Amino acid sequence: MRGSEKSILVNFKKKWQLLLFVETALYAIGPAVLLLILGAHVLLSILAFFIIALIVAAFIRPWNLSLQYISSFIDQRSNAMEYSTGLLLVPKENLSNLAQLQQYKVADQLKNQIRDIKPKNHLLRASITVITFIIIGLLINQFSITDYFQASNNPIDQENSIVFQPKDSAAIKIKPPVLKEQRVTISYPSYINTSPFSTSNMDIKALEGSRIYWSIKFDTRVDSVAMEMAGNKHLLQMNKDSYTRSMILNNSGFYNFLFQDTLGGSYVSEIYPLEVFKDQDPVIEMQGLEDFTTFDFNEPKKLRFKTLITDDFGISEAAIIATVSKGSGESVKFREEKLSFDTPVNTGSKNLHLSKSINLDSLKMEPGDELYFYVETSDLKQPVPNRTRSETYFAVIRDTTSYDFAVEGTMGVDLMPAYFRSQRQLIIDTKKLISEKSQIPKKTFNSRSNELGFDQKALRLKYGEFMGDEAEGSIGNTEEMPALEQEVKSADPLAEYSHNHDGSNEHNLVDQSEQDEHPDEEEKDPLHDYLHNHDDPEESTLFTQSLKSKLRQALNEMWDAELHLRLYEPQKSLPFQNRALNLLQEIKNSARIYVHRIGFDPPPIKEDKRLTGTLENVSNFRKTADLEKQMDYPNMRQAVLRLEQLITSNKSITSDDRNLFEDAGNELAGIAIDKPGNYLETLQQLKWLTEINQYNPEILESVQSGLLRAIPIAMPDPTKSSGAVGKLNELLLKELQDND
Amino acid sequence: MIDKVSFYYSHWIWIVTLIAIVLWILLVWKEYSQSGKKRLFFKMVLAFLAIASLALIALKPLIKTEAELGLGVILTHGYENTQLDSLNREYKELKVIKYDPSNSIDRELDSISSAFILGEGLRSFDIWQLDSIPAIYLGGTDVQGVIKTHYKPENSVGDNLIIRGIYNKPKKGIQLFLEGPGGVLLDSVSLTSASQKEGFQLKSSLKVAGNFIFSLVEKDSLGVGLSSDPLPVKVLEKKQLNILLLNSFPTFETKYLKNFLAEMGHQVLVKSRITKGRYAFESYNTEQSSLWTLSKSNLEPIDLLIIDANSLNNLSQNERSALQGSIQEEGLGVFIQPDEGFFTARNFLSSFTFSNDGNIETRVDVWPNIKMEKHPFSFQEKITLQPIQKVKQKIVSAFQQYGSGRIGTSVIQNTYQLVLDGHSFAYKEYWTELINKLSKKDNPLVFWEATNQLAFIDEPFHFEIRTSQNNPVVTKDGNIIPLRRDVDILNKWTGITYPREKGWNQLSLKADSTAVYQYFVTDTSKWKSLVANQSKELNKRNFNNELKKSAKSVIQKPINRLWFFIVFLMSMGFLWLEPKL
């Protein structure tokens, strides 16, 4: 009787203990499942489950549950027990009668009540914990947060990993070395200012001039690792335990890896594209400015504009190059200035908004002067930066007082260089100077006289060029004094302009002296006789002989005129100038070409005279050329045909085929550089066909179709065809013709 | 009597006789051992009768009798049951013969006087079987699919492969695809179900020389492949032409044409007059650098002469006859560059006639977006005129056969304008077509032609060759194929071969190892609708004779084998009963 009552309690205890164990298990399941979701190994998560279960069990201690505790628990929960559940545990013999009575009663009650009493547990809490853990795991998985942590320490993700194929199928028998780590580090040129970055993706796209650094690691020792690029093989250097190679990227192309294991088996990887993009030139956009701006004299002469400069990697500098031209015609003068923008240029920025307002007055421009300017900018590229210049813009201050110079109708050709003060102008200026002599200080007078002397020199030099003289220093040389000194230094300044008729050796009766003077020159130049030497003024062919001597005379006059101007004696220089002007005028007139303005009115042709002229000098004309047409991509075409034969006949690839496929691959690579995406797969498969013995027949078709797609459509071209003509046809045609 | 009897299974006669003799000996020995010599002879005869009738049951003896022949119906693939039922209702005792291309129906045909043919009909190589029997072809279910195709099986690199065809009973959404080698999709067309028969055209440029298999793939609206049929295409390398251009003064037209031809690697010699008696010679890709007068010998290597009308009319008498001879005998092609006078005046060589149409601009049908200049004339059609390019039914360029050569001209002028306008592809295509049509044809030692494009495994493949050889020998894999000479055309020979292997097969001429002909063999699972339609049409043409309702004919009728069985039963019965008596 008592035993059965006690057994109720024992059963209750077992039930409670079970619940506690379940609770423990639930607590342990949560983290274990989380680990599993995060990608940990199954064993690891099972281990975690047990560890956590042990820890939780140590806290909960389900085995510690005593019957006394249970009975007091039941007493607490149920009033019907009357705090006497403990009696059930006491042997009957030890109880008083009353106690025995109570024991009976309680036992009865307990039988009825035990179902309503729930053991104390935290199952709900445990379940929530489990669910929370699972939800967290799923969330992490969903948003791939793990990848974020893994990317930095896991060097290979499956998609990008280099796949090596054994070249020889026999090599499969042994376990091939496995790639452990692959890494490409790309460092852009230093001027870009970006830190190098690494990736495990072998498809490289980088700026021209970047340094590429490959590093690959194998799990076992391999014999050698090489990289194939544009038909060349580069061995990778062994560096600690990885194979590395670095190069500066200059051209687009393709590359692949191959390695040999220690047993002599060769393996080849896929082909990867190497794409180079260039640093783009900066782009200049001018805003708020017209190509041609005119100002009236009395207006405020301000030009305002904005410039937007953009570049892909940063601008180094930007400036406005302005040229002011003063005067017109022969007396035009240019002045170049470099202006900076009002807004400062931030070196290295990719977008620049610059503004500028140019005040024409501050450039000392007068009516009639013109301003040409453009914006020039350069980027940071090393060693030679990319430069861009904008269009040229014009600004003119209108000169209402000027008159237009009209070219006279009779002047067909203007032989004079327009940007010099002419001799006539010099004379006018000299006369003006003489007339102003009394009104201006002596210093100014001297300076102006000297300036006129310089202009005279410039004019002389220019005409000298016509004679074939070499210019002594540039015309624009403002340091005329040293030049003058130099001239004075030479013993006979006129020597080079005059024929020395007074010499004893006038007719070159004796050329001894010449040879004595320049013995080396003769020896140095054995080709002299065969050359058309334009450098020698005496051989200049610009003018005929009479003109030449006249010009020479004019130059001599100019020389004297300059001399007097330089000596501040404009008065004395005038006659020389006048004589020079006269001579020039004569020369001009003789060299002038007259063209009838109305046009040419040919006389009517007499028909009977046509084609009766002598044709002695008209000869037959012959031209021969060989334009052998080269078939483009011959190997690719050959490969397509060979593949067709391989597909239809089930033959296997020979070594000749391999060579053919390799050549075809090289041709295809040429096409593929422009569009690597389109042909990369075909290129890859061609590579495998050339390297690997074992292949899938489907690959042949795929390569063939890829090659066919890459070959451009042929241009129409007539061809010789063959055909047989039957006797019957001939007869029929003849009959038809005869009856036609 | 004995010559009237034959056996159906006559090829078993020896085995059956042998077994019968052994059986008889066994039987006789058994009788002898059981009951001795008593009535032995009688038993021997009985045993012989039994064994003989057994043997005859096996051999199925036939007896020639004169018999009344009835009508028959030959059922071929795709026949309709309703048709058969109607026939059965109309004619009693209609003999039904099932046709299978791989088996003979010879014997069944013996017993009928006339035949109806239902279904797709007899295949072309079985038509002869009904030579002696009048037959009517009644047709069958309509074939669905591609029933006709036409394309050039031999092309050059750069040519367009154009496949034209007719699709019978198209369903909505059916698409036809042209697939190149390696499964490259080249062109496609979607069929509408608007018409009973729908024409289609597929086109692709040929890029690579060699023998290739293109395929015509049929897919339904969901993109599920219904069939894929092979289109064997031979692509030949380009052969360079030797072209002579004669001009009475230099023109832009000639300049551009010459540049085009020279760049393409052809041998070009241009002779244009600069002034009286003085010429400019330009030669490209050829050794010859000048040519003064036309003669038969220097015209011989020339494939095409392009000459302006003025130069043509100014040729000397000797040159004229040399030129005529070259065209007629050697097959030289001539293209005349016309001038205004050419269309109205009589010209040497040309018998073209023109009518003034006043149009000086046109758009050729193939390039409707491109304007071309033309002379205000157009060709007058006549039977010997063969058009090259047309504009809305009007011929703008054409040629006439002249002996074995061709003389052509065009009313289109200043085509170089196309190049200047940026239509250089059209320009090239225009001239390519003209030159291809006109230039001299190679006359090979042997010219192969196949009567039917497609060859099927184990089915006859007919081919013909044209050769000047006296006794050509054609071999396939070393075996000689007998040839038959045409009675009227003496250089034409025909032959039949039965291909055994799929893929490219090769016929070769014994005299010349380079003269080979390659043809593609496929199996009967391909081109089903096309083949069905071919035999339908063939049957329709062949079998429309008057039916002979009845006829008498000597036929071999099998003797009812029940008689032999009765004899056998009775003899054996007596042999069994005799010991018990």
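**Exercise 1. Strand β12 of chain A**

How many bridges join strand β10 (residues 253-261) of chain A to β12(A), and do the two strands run parallel or antiparallel?

*Solution.* The structure is a predicted model, and the pairing is read from its backbone. Three bridges join β10(A) to β12(A), and the two strands run antiparallel. To place this pairing in the sequence, take G253(A), whose bridge partner in β12(A) is L274(A). Next, turn to strand β4 (residues 204-207) of chain A, which is joined by four bridges to β12(A), residues 272-277, in the parallel sense. Here A206(A) has V276(A) as its bridge partner in β12(A). In general, strands of a sheet pair through backbone hydrogen bonds, and the pairing may be parallel or antiparallel.

**Exercise 2. The contact between the chains**

Describe the side of chain A that touches chain B, and then find a strand pairing that crosses from one chain to the other.

*Solution.* Begin with the contacts: 46 residues of chain A are in contact with 61 residues of chain B. On the side of chain A, β22 (621-625), α14 (634-649), α17 (697-710) and α18 (727-738) each supply at least two residues. By residue class, this side of chain A divides into 20 nonpolar, 12 polar and 14 charged residues. For the pairing across the chains, return to β22(A), which pairs in the parallel sense with strand β16 (residues 278-284) of chain B over five bridges. Within β16(B), the residue opposite T624(A) is S283(B).

**Exercise 3. The span of a helix**

Why does the distance between the end C-alpha atoms of helix α2 (residues 42-60) of chain A agree with its number of residues?

*Solution.* Count first: α2(A) has 19 residues. The expected span is 1.5 Å times one less than the number of residues, so α2(A) should span 27 Å. The end C-alpha atoms lie 26 Å apart, which agrees with that expectation. Immediately beyond, α2(A) is followed by R61(A), whose phi is positive, near 50 degrees.

**Exercise 4. An open sheet in chain B**

Give the strand order of the open sheet of five strands in chain B, and identify its edges.

*Solution.* The order is β27-β34-β33-β29-β30, with mixed pairing. The edge strands are β27 (455-456) and β30 (479-481) of chain B, each of which pairs on one side only. At the β30(B) edge, three bridges join this strand to β29 (residues 474-476) of chain B, and the two run antiparallel. There, T475(B) stands opposite I480(B) in β30(B).

**Exercise 5. Chain totals and nonpolar cores**

Set out the totals for each chain, and then describe the nonpolar cores.

*Solution.* Chain A has 18 helices and 22 strands, whereas chain B has 12 helices and 35 strands. Buried residues make up 23% of the 740 residues in chain A and 35% of the 581 residues in chain B. Among contacts with a separation of 6 or more, residues 24 or more positions apart account for 67% in chain A and 64% in chain B.

The largest nonpolar core has 54 residues, and those with the most contacts inside it are I243(B), V268(B), L304(B), L305(B) and V334(B). Helix α10 (residues 424-438) of chain B gives the largest share of this core, seven residues. A second, separate core has 45 residues, including V184(A), L249(A), V640(A) and F661(A). Finally, consider V268(B): leaving aside neighbours within four places in sequence, its contacts are I243(B), L245(B), K258(B), L261(B), A262(B), Y284(B) and N285(B).

Conventions:
Residues numbered from 1 in each chain as written. Chains lettered and ligands numbered in written order. Predicted model: local features only at pLDDT ≥ 70, side-chain atom pairs only at ≥ 80, totals over all residues. Pairing = 2+ DSSP bridges. Contact = placed C-beta atoms within 7 Å. Nonpolar A, V, L, I, M, F, W, Y, C, P; charged D, E, K, R; others polar. Buried ≥ 20, exposed ≤ 12 C-beta atoms within 10 Å, placed from the backbone. Core = buried A, V, L, I, M, F, W, Y, C linked by C-beta atoms within 7 Å.
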